[in-house]
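The following exercises concern a single protein model. Each task is followed by a worked solution.

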Amino acid sequence: MFDNKDQSRTSLSELGEFGLINHLTKDFTIRQSSTVKGIGDDAAVVDTNGKQLVISTDLLVEGVHFDMSFMPLKHLGYKAVMVNLSDIYAMNAEPTQITVSIAVSNRFPLEALEELYAGIELACAIYNVDLVGGDTTSSTKGLLISITALGLADADQIVGRDGAKDGDLLVVSGDLGASYMGLQVLEREKQVHKVNPNSQPDLEPYSYLIERQLKPEARKDIIELLKKLEIKPTAMIDISDGLSSEIIHLCKNSNTGVRLYENKIPLDPQMINVCEEFKIDSTTVALSGGEDYELLFTMPQADYEKIKGNPNFTIIGHITPEGDGMNLITRADTSIPLVARGWNALSNNSED
């Protein structure tokens, strides 16, 4: 009954992750009046006749999203929680609960899973969230971990991707590109170890970058700081797929353009040094690297004085009319179109 006689095939890599999601869900309609936001933002929002319930879920797959040769299980558990909590914070909400589902092969003993859940428990303790459910099943190959995070916010405090206005400032927390370069260091040392299993790498010069890759932190502190400064972003997103991709998401959802200034993008000195070591352009890494889990947001120019000189924030550009396009202003003061080259999990040659 379900046989498809049409033998034509479309590669998923042609669509990319977000193209695939849009394609598969384009015919779904919202049927419940309680559904405030569906697919297309960092998290879904459901009205509970009081607070707004914010929901996000992510799936991490061994060999695609993480490499067990250098990812300790405790770090993996912690990071898997961070990935989801970051989405909740990106909606300007407070995470409250998580569920955890895993599929695991028989190569993992009980002690390994205890390590995984120790990382999850540590994340729950630090970020004050409860583990309230999940599922476990077997896997024929490797480890899969899926976490759903729930959060709460007042209806008037929810921030989506669609509220940016012409003239708004474009602001980012922290620094960018360090996580990607940490991954490059780990991948290089993995290859060295294959050639010489007795080699002991000196990772001390790369400690910040490796920590950003293996143990990222969701920016709860930034949400708390924005509330303290009495700033409500007009639009917000977390940086998981690279700065350029996230800016484009904001602009497309808000029907705006943008001017992003290359010389304003915050880069850690260690990241710049390692880019030089690897002969990689640091701007390209910041734009396309991903997994920074910083918060990118827009805010009215009227609030500029509230963040002026604050080391937690960097103003990297401003929002323009849609017709002006999305542009990167280089250090040479040349305007070039902003292109999304972030990591694509559905690419035919994607590796973690």
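**Exercise 1.** Determine which side chains make a polar contact with the side chain of Glu262, and establish whether Glu262 is buried or exposed.

*Solution.* Step 1: the side chain of Glu262 makes a polar contact with that of Thr283 at 2.7 Å; a polar contact is a pair of N or O atoms within 3.5 Å, where within protein one must be able to donate a hydrogen and the other to accept it, and residues adjacent in sequence count only if both atoms are side-chain atoms. Step 2: the side chain of Arg331 also makes a polar contact with the Glu262 side chain, at 2.7 Å. Step 3: Glu262 counts as buried because its relative accessibility is 12% (buried: under 20% relative accessible area; exposed: over 50%; partly exposed: in between; 1.4 Å probe, protein chains only).

The model is predicted: local features need pLDDT of at least 70, side-chain atom pairs count only at pLDDT 80 or more, and totals for chains, interfaces and linings use all residues. Residues are numbered from 1 along each chain as its sequence is written, and side-chain values use heavy atoms, with hydrogens and water left out.

**Exercise 2.** Check whether the span of H4 agrees with its 18 residues.

*Solution.* Step 1: the expected span is 1.5 Å times one less than the number of residues. Step 2: H4 should therefore span 26 Å, and its end C-alpha atoms are 26 Å apart, which agrees. Step 3: buried residues of H4 include Met181, Leu183 and Leu186.

Note on methods. Helix = DSSP H or I, 4+ residues; strand = E, 2+ residues; numbered from the N terminus.
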